[in-house]
Amino acid sequence: MIIPVDIHTHRRPLVPGTAIVNCFPKSFVPQTEDWYSVGIHPWYIASFAASLNDSKARFEELLDHPQVLAVGEAGLDKLAEAPLTLQIEVFEYQARLAEEANKPLIIHLVKAVDELLKLKQKIQPVKPWIIHGFRGKAALAEEYLRHGFYLSFGEKYQEEALCIMPSERLFIETDESTVSVDTLYERAAILRKTPLEELRRTIRKNVSEIFFRQ
């Protein structure tokens with residue numbers, strides 16, 4: 001079995017199984033040997049809410065698929081059109097589904113730190129919550145770490161934040177970037193003053209423990 005080294009992307013990888021491909025429930029068409037996350041992004045909540053009952057049934061069915069490793073990306077985004085109250089409702093729905101399905105939650109977050117922390121305190125999840133594409137400063141990374149989050153870094157980030165991350169809470173992703181995941185690993189290894197293969201082994205271990213342990 002291939003363990004993915006890219007935990008969040010919107011493109012199918014050149015080598016099947018090396019990335020977790022994010023899909024909206026309606027667009028989920030699994031390809032042999034690939035891995036997926038399925039979720040309701042806050043930018044597209046309106047289309048989900050328009051046919052809520054049918055959408056929920058389809059979504060919940062997909063989470064049982066053996067190639068779906070995570071719920072997400074779920075999120076809160078104060079720049080999105082959907083009202084924040086609706087975003088919170090849909091996020092909580094997905095977070096509780098993740099607990100029921102025994103899968104981690106991948107999170108899109110823009111300008112809603114307080115709301116996210118309140119939801120985590122309310123829900124008290126057992127499964128990991130992973131903030132994808134983290135670009136915040138080191139102080140914010142430390143705040144998330146104190147609350148038990150994992151952080152995933154893509155093409156753009158604050159170098160100090162990457163460097164202070166405990167290795168067991170770290171992930172790498174390409175998201176929508178055209179930069180290869182290998183390049184992102186190489187850059188991260190240099191910044192963290194860690195041998196490249198050691199970083200690869202560490203994150204592969206993290207992926208195995210978080211996404212594949214039942």
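Helix α3 covers residues 84-101, 18 residues in all. From its first C-alpha to its last it reaches 25 Å, close to the 26 Å expected at 1.5 Å a residue. The model is predicted, and every value here is computed from it. Several residues of α3 are buried: Q87, V90, F91, E92, Y93, Q94, A95, L97 and A98. Just after the helix comes N102, with a positive phi of about 60 degrees.

Helix α4 spans residues 113-123. Its buried residues are E115, L116, L117, L119, K120 and I123. What do these buried residues pack against? They meet two helices, α3 and α5 (138-146). They also meet the strands β4, β5 (105-110) and β6 (129-131). After α4 comes Q124, and its phi is positive, near 50 degrees.

Now step back to the whole protein chain. Its secondary structure comes to eight helices and eight strands. The radius of gyration is 16 Å, close to the 17 Å that the globule rule gives for 214 residues, so the chain is as compact as a globular protein of that length. Along its principal axes, the C-alpha trace spans about 50 × 40 × 30 Å. Of the 214 residues, 52% count as buried.

How do distant parts of the sequence meet? Take the contacts between residues at least 6 apart in sequence: 58% of them join residues at least 24 apart. On the outside, the chain exposes about 10500 Å². Carbon and sulfur atoms supply 51% of that area. The chain carries 26 positive and 30 negative side chains. The centres of these two sets lie 3 Å apart.

Next, go to strand β1, residues 6-9, where I7 is found. Is I7 buried or exposed? I7 has a relative accessible area of 0%, so it is buried. Leaving aside neighbours within four places in sequence, I7 is in contact with I20, I106, I130, S152, F171, I172, E173, V207 and F211. One of these partners, I106, falls within β5 (105-110). Another, I130, falls within β6 (129-131). I7 and E155 are 148 residues apart along the chain. Their C-alpha atoms are separated by 13 Å.

Strand β2 holds A19. At 2% relative accessibility, A19 counts as buried. Its contacts, apart from neighbours within four places in sequence, are P4, D6, T9, P13 and W35. A19 and R135 are 116 residues apart along the chain, and 21 Å separates their C-alpha atoms.

The loops come next. E33 lies in the loop between β2 (19-23) and β3. Its phi is near 75 degrees, a positive value in a residue other than glycine. Is E33 buried or exposed? Its relative accessibility is 55%, and the cut-off for exposed is over 50%, so E33 counts as exposed.

I40 also sits in a loop, the one between β3 (35-38) and α1 (45-50). This residue is at 1% relative accessibility, and buried means under 20%, so I40 counts as buried. I40 and Y185 are 145 residues apart in sequence. In space they are 28 Å apart, C-alpha to C-alpha.

Strand β4 brings another backbone feature. The strand runs over residues 68-77 and includes E73. The peptide bond from G72 to E73 is cis, with omega near 15 degrees. Strand β4 has already appeared above, among the elements that the buried residues of α4 pack against.

Further along, S177 has its place in the loop between β8 (170-172) and α7. At 13% relative accessibility, S177 counts as buried. S177 touches R11 and E155, not counting residues up to four places away in sequence. E155 is also the residue whose C-alpha is separated from that of I7 by 13 Å.

The walk ends at K193, in the loop between α7 (181-192) and α8 (196-212). K193 is not a glycine, yet its phi is positive, about 55 degrees. Is K193 buried or exposed? Its relative accessible area is 76%, so K193 is exposed.

How values were computed:
Residues are numbered from 1 along each chain as its sequence is written. This is a predicted model: local features need pLDDT of at least 70, side-chain atom pairs count only at pLDDT 80 or more; totals for chains, interfaces and linings use all residues. Side-chain values use heavy atoms; hydrogens and water are left out. Helices (H or I, at least four residues) and strands (E, at least two) are DSSP runs, numbered from the N terminus. The radius of gyration is taken over C-alpha atoms; the globule rule is 2.2 Å times the number of residues to the power 0.38. Buried means under 20% relative accessible area, exposed over 50%, partly exposed in between (1.4 Å probe, protein chains only). Contact means heavy atoms within 4.5 Å. Accessible areas come from the Shrake-Rupley method with a 1.4 Å probe; for residues, only the protein chains shown count as cover. Lys and Arg count as positive and Asp and Glu as negative; His and the chain ends are not counted. The place of a charge is taken as NZ of Lys, CZ of Arg, CG of Asp or CD of Glu. The expected span of a helix is 1.5 Å times one less than its number of residues.
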